[in-house]
Amino acid sequence: MAESEIFLDDVRPKVSPENGERGSVPTREEWTRKREYILSLLGYTVGLGSLWRFPYLCNRNGGGAFLIPYFFGIITCSVPLFFLEITISQFSGRSAAHVWVLCPLFKGIGISQVMAASFGSVLYNVIISWSIYYIFKSFSSVLPWATCDNWWNTLLCVNKLGNVSSINLSHANSTYLDDERLLYSSWRKANVTLTASEEFWQYGALRVSSGIDKLGSVQGDLLLCNLASWVVVFFCLMKGVKSVGKVVYVTALIPYILLTVLLIRSCMMPGAGEGIVYFLRPDFSRLASVQVWLEALLQGFYSTSVTYGGLITMSSYNNFNNRLLKDLVVVNVVGQASSLFCGLVVFSTLGFMAHAAQIPISEVVSSGSGLGFIIYPEAIAQLPMPQLWAVLFFMMLFAMGIDSMFGFTETTVAGITDSWPKYLQGRRMWVTAGVCLASFVVSIPFVTEGGIYLFQLLDWYASSFNVLLIGCLECVVINWIYGSRRLSNDIEMMTGRRFPLLLKIMSTYLTPFILFASLTCSLFLYDPPRYGEYIYSESAKVIGIMVAVVLTLPIPTTLLCQVVKGRGSCLERLRLASRPSPEWGPLGASDFKLYMEGHPQNISLKLEQKDRLYD
C-alpha cells in the first residue's frame with residue numbers, strides 16, 4: 001500500500017458507517033432548505049444598526065454623498081471578506097472557532113471571533129430587553145412617554161419637542177433646586193428642558209445614575225425583560241439550524257412588513273417629503289474628511305456583519321456543493337437596499353416631527369438609542385391610535401434584534417460543541433441553555449441604574465479596532481498564507497467554478513491595504529466615548545481599551561504558542577504552523593478523499609506534519 005494510502009487510513013479518523021462523516025461523531029446538521037439559510041443571513045446582517053445608525057451617519061456625513069464612500073467600502077472590503085468567510089466555512093464544515101485550522105498559526109482569529117460574538121450577544125440582548133420593556137408599556141391606555149405628569153418626570157419636562165428651551169435656575173423656585181435628579185444628572189445639559197419621551201427613557205426606563213462609578217440597584221422590570229429575551233433565544237436555538245430555519249420565516253420577514261406599514265403611515269403625514277429630501281440631499285464637501293470614509297467603512301462592516309464569526313458559523317451548515325456567488329449577491333443587494341429603506345422610514349418620520357414642532361430637521365436627528373427610544377416614540381405619540389403604532393414599531397425592533405442574536409449566540413454554541421463533538425453534539429440543548437444562562441448573568445450589570453454608562457463604554461471600544469484587525473488578517477491568512485490558488489481549487493471542487501477574478505484581486509491586494517490604512521487612521525482619529533454631557537473618566541477609558549485588547553489577545557497568544565511548541569528552527573516552526581493542519585479539508589469522507597486525491601501535494605504536506613507531530 002502506498003504511503004499516502006497509509007496516511008489516509010491511519011491519520012484520519014475512521015468513517016462512521018451510520019453517518020458517512022469523518023470520525024465517529026454525530027452528523028453535522030445542515031440547513032433543511034436553501035431559503036432558510038438566506039433568510040438567516042439576512043436576519044443576521046440586517047440588524048438594528050441598519051435602522052438607527054446608517055440613516056444618522058448618512059445624514060451627518062453628506063447625505064446622499066455619503067453613499068459614495070459607503071458603497072466603496074462595501075464593494076472593496078465587505079463583499080470580498082463576506083465571500084472569503086462563507087467559502088472557507090462551507091468547504092470545511094467548521095464553525096468560526098475551528099475553521100482556522102487552515103492556518104494553525106492564526107487559530108487565535110477564531111477564538112477572538114467567538115469572544116467578540118459572545119460579548120456582542122450580551123450587549124445586543126440589552127437593546128432587545130429595552131424593546132420588550134417598551135412593548136409592554138405600549139399597551140397602556142395613555143403612552144407613558146406622552147405626558148409630563150408621571151412620577152419620574154421633573155419640573156423641566158415639556159410635552160413636545162418644539163417646547164424645549166433653557167431656564168435660568170437662579171430665578172427658579174426652590175422646587176427645581178430640590179430635585180436630586182436635576183442636581184445629579186451629569187448626562188444632561190444644565191438648565192435645559194427635556195421632552196416627555198426623553199425623561200421617560202432616562203428616568204422612567206433606565207433610571208440613570210450620576211455616572212459609571214455608581215451602578216446602583218438592578219432594575220427589576222428590565223432584568224425580567226432581559227431574562228425573557230434570553231429565553232426566546234434559547235427556544236429558537238435549542239435544536240440548532242433545524243429550529244432557527246423555521247423561526248426566521250417570521251423574524252426575518254416581519255421587519256420588512258412592519259417597515260413598509262410605518263413608511264406608508266409616515267408618508268401620509270405633513271413634512272415627510274422634506275425629511276426624505278433632507279436624508280438624501282448630497283453635500284460633496286464632506287467627502288474630503290478622512291473621518292467620513294472611516295465611518296463609512298465601519299458601517300459597511302456592521303451592515304454585512306463580516307469578521308464577527310456569524311457568517312462563518314451559519315455557512316458551515318451549508319451543503320458542500322452550494323453555489324456561493326449567488327448567496328453573496330442576494331444577501332448583500334437585499335441587505336444594502338434594506339439600509340436605504342430604513343433611512344426612508346426614519347427620515348420621513350423625523351420630517352413629520354420637525355414640521356409639527358416648527359423646528360429644523362437637524363434639531364431632531366439623533367442616533368442609536370436616542371432615535372429608537374426617544375425620537376421615534378415621541379413621533380408615535382402624535383399619531384392617531386398611538387398604542388397600535390408603538391406596538392408595531394417595538395415589535396419590529398425586537399424582530400430585527402433577535403435575528404442578529406441568532407448569529408451571535410450560534411457562533412458561541414457551535415464553538416463549544418465543535419470542540420468536543422463526540423460528547424456535546426448530542427447534548428446541544430444543554431450547551432445552548434448553559435450559554436444563554438451564563439450570558440444572562442453577565443448582562444445583569446447592564447440593567448442597573450448605571451448600566452447605560454457601562455453599555456455605551458464597552459460598545460464603543462469593542463466594535464471598531466477588532467473588526468478592522470481581523471478583517472485584515474483574514475485577507476492575509478487566506479490569500480497569502482493558505483494561498484489564493486489553493487482556495488480557487490477548493491471553490492472549483494465545491495461549485496465547479498474558479499475564484500472570481502475581481503474578488504480574488506480585491507481580497508488579495510486592495511482589501512487588506514484599505515483595512516490596514518483604516519486601522520492605522522482609527523488609532524489616531526477615534527474619539528473617546530461620552531453619554532450625553534457625561535464625560536468618562538480616564539480610568540473608565542482604560543477599562544474600555546483593555547476590553548478591546550482582550551478581544552484581540554488570542555491572536556498573538558496562539559501564534560506564540562504554535563511557535564513555542566513546534567520543533568526545529570524558528571523559521572521551520574513558522575513554516576509548519578502556517579500550513580493547514582491534518583484535519584483540514586471537507587467534512588464528508590467522500591469529499592475529503594476526493595480532495596486529497598485531487599491535490600496530492602496535500603498528502604505530502606500532511607505526512608510531513610505527521611512526522612513532525614510524532615518526532
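**Helix pairs and buried residues**

Biologist: Where is Ser92 found?

Modeller: This is a predicted model, where local features need pLDDT of at least 70, side-chain atom pairs count only at pLDDT 80 or more, and totals for chains, interfaces and linings use all residues. Residues are numbered from 1 along each chain as its sequence is written, and side-chain values use heavy atoms, with hydrogens and water left out. Helices are DSSP runs of H or I with at least four residues, numbered from the N terminus. Residues 67–92 form one such helix, and Ser92 is found in this helix, α5.

Biologist: Is Ser92 buried or exposed?

Modeller: Buried means under 20% relative accessible area, exposed over 50%, and partly exposed in between (1.4 Å probe, protein chains only). Ser92 has a relative accessible area of 0%, so Ser92 is buried.

Biologist: Which residues is Ser92 in contact with, leaving aside its neighbours within four places in sequence?

Modeller: Contact means heavy atoms within 4.5 Å. With those neighbours left aside, the partners of Ser92 are Val99, Trp584, Gly585, Pro586 and Leu587.

Biologist: At what angle do the axes of α25 and α26 cross?

Modeller: Axes are lines fitted to C-alpha atoms, for helices over the stretch in contact, and angles run from 0 to 180 degrees between N-to-C directions. Helix α25 covers residues 554–565 and helix α26 covers residues 570–577. Their axes come within 8 Å and cross at roughly 120°.

Biologist: What are α25 and α26 to each other, by angle class?

Modeller: Angles under 35 degrees count as roughly parallel, over 145 as roughly antiparallel, 65 to 115 as roughly perpendicular and the rest as oblique. The α25 and α26 axes cross at roughly 120°. The two helices are therefore oblique.

Biologist: Which residues in α26 are met by α25?

Modeller: Gln562, Val563 and Val564 are the residues on the α25 side. On the α26 side they meet Cys570, Arg573, Leu574 and Ala577.

Biologist: Is Leu574 buried, exposed or partly exposed?

Modeller: Leu574 lies in helix α26. Its relative accessibility is 29%, so Leu574 counts as partly exposed.

Biologist: How far apart in space are Leu574 and Val564, C-alpha to C-alpha?

Modeller: In sequence, Leu574 and Val564 are 10 residues apart. In space, C-alpha to C-alpha, they are 9.8 Å apart.

Biologist: At what angle do the axes of α12 and α18 cross?

Modeller: Helix α12 spans residues 254–267, and helix α18 spans residues 386–417. The axes come within 9 Å and cross at roughly 145°.
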